[in-house]
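Grab a pencil and work through these exercises with the model open beside you. Try each task before you peek at the solution.

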Amino acid sequence: MGPDFLKPIAPLGDKIQCLSFTKDYFYKNNISPEKSQILKIFTKFEDIPIQYMDQVHGNKLEIILSHSSLPIDETDSLFSSTSNLALGVLTADCLPIALSKKDGSEFAMLHAGWKGLLSGVIESTLTSFTKGCSDVSAWIGPSISQKNYEVGNDLYESFVNKDDESESNFKEKGYDKWLFSLHGEAKRILGKYNINVDLSSVCTFESESLFSYRRDQTENRILSIIWRNE
């Protein structure tokens, strides 16, 4: 059996907690890891309510002031300054990205696949932090690694046409085929804002403790949450 959680090396902010739940946690606790069941059953962690979102691979952000039992419609980023309220994201190869002010006053959780990165989900979230993001820290959680993520030439061109520095996160594999680093691109974007990034090196495609859609076409999901204790 593997670990129950993956988490940043150090807290992202004062009193800020951040975890990614592995399949071992779900199975040990007899919780179904299937997406629809997580939303129905896994509503709290250590008595802290979890706010979910209806993820659509976009860049919409929602500011959360209080918990809702329903996922936030068509949203890929949650932002809050409320204590004892967890922001949750479900992934199975895409990036869970946690952000927090160093004093813990504001925090966010993002869902970012290639569509989210291209449409600017990171940038739209960073603009929500008051007084800028110079004291924001980030954790990029487990995702598919570059060597296991093959994409077409159309995706490569879309990224490079938007920002030619994106090319650093593509490796040519063959005719019209590229290997793309999701976490590398996310780290590059965050670096433009001088944000300190803690990066998980665990690959969802390779890890037996994590779910991967590209590997198994599964509806099971990894849950990542961030919250602030009072």
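Here are three exercises on this predicted model, each with a worked solution.

**Exercise 1.** Find out which residues of the largest nonpolar core touch the most other members, and which strand supplies the largest share.

*Solution.*
- Step 1: Start with the core itself, which holds 35 residues; Phe21, Phe42, Phe45, Leu223 and Ile226 touch the most other members.
- Step 2: Now look at where the core comes from. Strand 2 (16-21), helix 1 (23-28), strand 4 (48-51), strand 7 (86-91), strand 9 (107-112) and strand 15 (222-228) each give at least two residues.
- Step 3: Strand 15 supplies the largest share, with five residues.
- Step 4: Don't stop there: a second, separate core has 32 residues, among them Leu117, Ile122, Cys133 and Phe180.

**Exercise 2.** List what Phe21 touches, leaving out residues up to four places away in sequence.

*Solution.*
- Step 1: Pick out the phenylalanines, and you get Phe5, Phe26, Phe42 and Phe45.
- Step 2: Add Asp4, Ile222, Leu223 and Ile225 to finish the list.

**Exercise 3.** Work out which strands stand at the edges of the open sheet of six strands, and why one side of each is left without a neighbour.

*Solution.*
- Step 1: Write down the order, 5-6-9-8-10-14, and note that the pairing is mixed.
- Step 2: Strand 5 (61-64) and strand 14 (196-199) are at the edges; each has a single partner strand, so one side of each has no neighbour in the sheet.
- Step 3: Zoom in on strand 14, which pairs with strand 10 (residues 136-140) in the parallel sense over four bridges. Here Ile140 stands opposite Leu199 of strand 14.
- Step 4: Finally, check the twist: from one strand to the next, it averages 15°.

Note on methods: Residues are numbered from 1 along each chain as its sequence is written. This is a predicted model: local features need pLDDT of at least 70, side-chain atom pairs count only at pLDDT 80 or more; totals for chains, interfaces and linings use all residues. Side-chain values use heavy atoms; hydrogens and water are left out. A nonpolar core is a set of buried Ala, Val, Leu, Ile, Met, Phe, Trp, Tyr and Cys residues joined through side-chain atoms within 4.5 Å. Buried means under 20% relative accessible area, exposed over 50%, partly exposed in between (1.4 Å probe, protein chains only). Contact means heavy atoms within 4.5 Å. Two strands pair if DSSP finds at least two bridges between them. Axes are lines fitted to C-alpha atoms, for helices over the stretch in contact, and angles run from 0 to 180 degrees between N-to-C directions.
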